[in-house]
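Thank you all for coming; please have the sequence and the structure open while I talk. I will go slowly, and I will start with a single helix before turning to the protein as a whole.

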Amino acid sequence: MHRIVDTDDAASIIGRHQHLRYNPLRDTWVLVSAHRMKRPWAGQVEKPPEEHTPRYDPRNPLCPGNTRANGEVNSDYDSTFLFENDFPALQPDAPDPGSDQHPLFQSKVARGVCKVMCFHPWSDVTLSLMKKQEVVKVIDKWAELIEELGTTYLWVQIFENKGAMMGCSNPHPHCQVWASNFLPNEPALSDRCQRAYYQKHGEPLLLQYAKQEAEKKERVVVETSDWLAVVPYWATWPYQTLLLPRRHVLRINDLTTEEREGLADIMKQLLTKYDNLFEISFPYSMGWHGAPTGPHLNKDNSHWQLHAHYYPPLLRSATVKKFMVGYEMLAQDQRDLTPEQAAEKLRNLPEEHYKTRENLEKGGGKEKDGEK
């Protein structure tokens, strides 16, 4: 019986052959199959996103002064704008189903609030196209919401679904904020994994990870003195990124003024690169994970490190996306493009937004008012 000897070194195997990678935030493994990018694509092709969104649409319920589905009228806002979600998934006064149940049919009370936060009064801008100080105002509002809702609720989830491909029904720059009396599945898993790493190594998992990535450079997309954006070693989505502060920070409201300014800078840089990849308004779902709040405010959360996840679905072009089906649903996560390849592509993209370049070429040197 002959044993097959693979003479490839580790770097070659990782770059060219299938292998598994460990995700320490979820205690799971990802199958990386780099060779599959060579296969021809004859599957679903998405409709390119609409690139001509009007600045104001009287039918858009998120625009200033417009009436929403429940009859409420938006203020004539000129910055961020926050309101209660008209169709909330969580309400503060839900009844308790009780605990006397069969172990296979358990229920618990779920209470909370859901809010919608508009970033800007114009529908034709996104975070990548907003001015830096406008993005800082968004960050300040996020911090204010963590501070306010965190006094009552155990978890405050800030998330943004951008683009119709990610289920966004309103072409207007906005996010959602759901606060709950329970710790949802993903942060609960992340809490357990970060705690276990801290107890074993005496340092926050993501703080050590950021240091390692900053030294290796191969998965870094953008970096500043206070922040690091990388395609994580264990990324599942093709151009998934992880945004990390270099300092040990538990929650958004713990960021200094300088760190918030730096966060606005790196967000604009990262999202500009996303848009430049296929020269479209890049779709994604993103969200912030920080230490739990409510009763956890008085507990030791040293194992936590603030971070943001970006999950974009696009794979090969503006119209071909990654599907999480079949093997991913029934076995485990799988990706084709390696994280190193994805990071290199993003890293090498221009820092100037393609729309700014187009406007300069078409408009005789004048930039659009909402762009920097």
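Which residues of helix α7, residues 339-347, are buried? Please keep in mind that this is a predicted model, and then look along that helix, where you will find that the buried residues are Pro 339, Glu 340, Ala 342, Ala 343 and Leu 346. These buried residues sit on the same side of α7, because they cover an arc of only 160 degrees around the axis. There is a general point behind this, namely that an α-helix has 3.6 residues a turn, so residues three or four places apart point the same way.

Let me now step back to the whole protein. Its secondary structure comes to eight helices and 14 strands, and of its 372 residues, 50% count as buried. If we take the contacts with a separation of 6 or more, 69% of them are accounted for by residues 24 or more positions apart.

Two residues illustrate such pairings across the chain. Leu 25 is found in the loop between β1 (19-23) and β2 (28-32), and it counts as buried because its relative accessibility is 4%, where the cut-off is under 20%. The C-alpha atom of Leu 25 is separated by 8.2 Å from that of Asp 191, although these two residues are 166 residues apart along the chain. Leaving aside neighbours within four places in sequence, Leu 25 is in contact with several residues, among them Leu 189, Cys 193, Leu 205, Trp 234 and His 309. The other residue is Tyr 354, which belongs to helix α8, residues 354-362, and which is also buried, with a relative accessible area of 2%. Its C-alpha atom and that of Phe 278 are separated by 9.7 Å, while the two residues are 76 residues apart along the chain.

What makes up the largest nonpolar core, and which of its residues have the most contacts inside it? This core has 56 residues, and those with the most contacts inside it are Trp 142, Leu 243, Trp 288 and Tyr 310. Helix α2, residues 132-150, gives the most to this core, with nine residues. To see one of these residues in its surroundings, take Leu 243, which touches, among others, Trp 227, Leu 263, Met 267, Trp 288 and Tyr 310, when residues up to four places away in sequence are not counted. There is also a second, separate core of twelve residues, and it includes Leu 25, which we have just met, together with Val 220, Trp 234 and Leu 244.

Finally, let us turn to the empty spaces. The count comes to one cavity of 30 Å³ or more, and the largest cavity has a volume of about 110 Å³. It is lined by 14 residues, of which Ile 146, Val 156, His 289, Gly 290 and Ala 291 are the closest to its centre. Strand β5 gives the most to this lining, with three residues, and by class the lining has ten nonpolar, three polar and one charged residues.

The second largest pocket holds about 640 Å³ of space. Its lining has 28 residues, and those nearest its centre are Glu 186, Pro 187, His 289, His 309 and Tyr 311. The largest share of this lining, four residues, comes from β10, and by class there are 14 nonpolar, eleven polar and three charged residues.

Note on methods:
Residues are numbered from 1 along each chain as its sequence is written. This is a predicted model: local features need pLDDT of at least 70, side-chain atom pairs count only at pLDDT 80 or more; totals for chains, interfaces and linings use all residues. Side-chain values use heavy atoms; hydrogens and water are left out. On a 1 Å grid over the protein atoms alone, a cavity is a set of points where a 1.4 Å probe fits but cannot get out, and a pocket is an open set with protein on both sides within 12 Å along at least five of seven lines; lining residues have an atom within 4 Å of a point. Grid points are joined across faces, edges and corners, and a volume is the space filled by probe spheres set on the points. Helices (H or I, at least four residues) and strands (E, at least two) are DSSP runs, numbered from the N terminus. Ala, Val, Leu, Ile, Met, Phe, Trp, Tyr, Cys and Pro count as nonpolar, Asp, Glu, Lys and Arg as charged, and the others, Gly among them, as polar. A nonpolar core is a set of buried Ala, Val, Leu, Ile, Met, Phe, Trp, Tyr and Cys residues joined through side-chain atoms within 4.5 Å. Buried means under 20% relative accessible area, exposed over 50%, partly exposed in between (1.4 Å probe, protein chains only). Contact means heavy atoms within 4.5 Å. The arc is that of the directions from the helix axis to the C-beta atoms.
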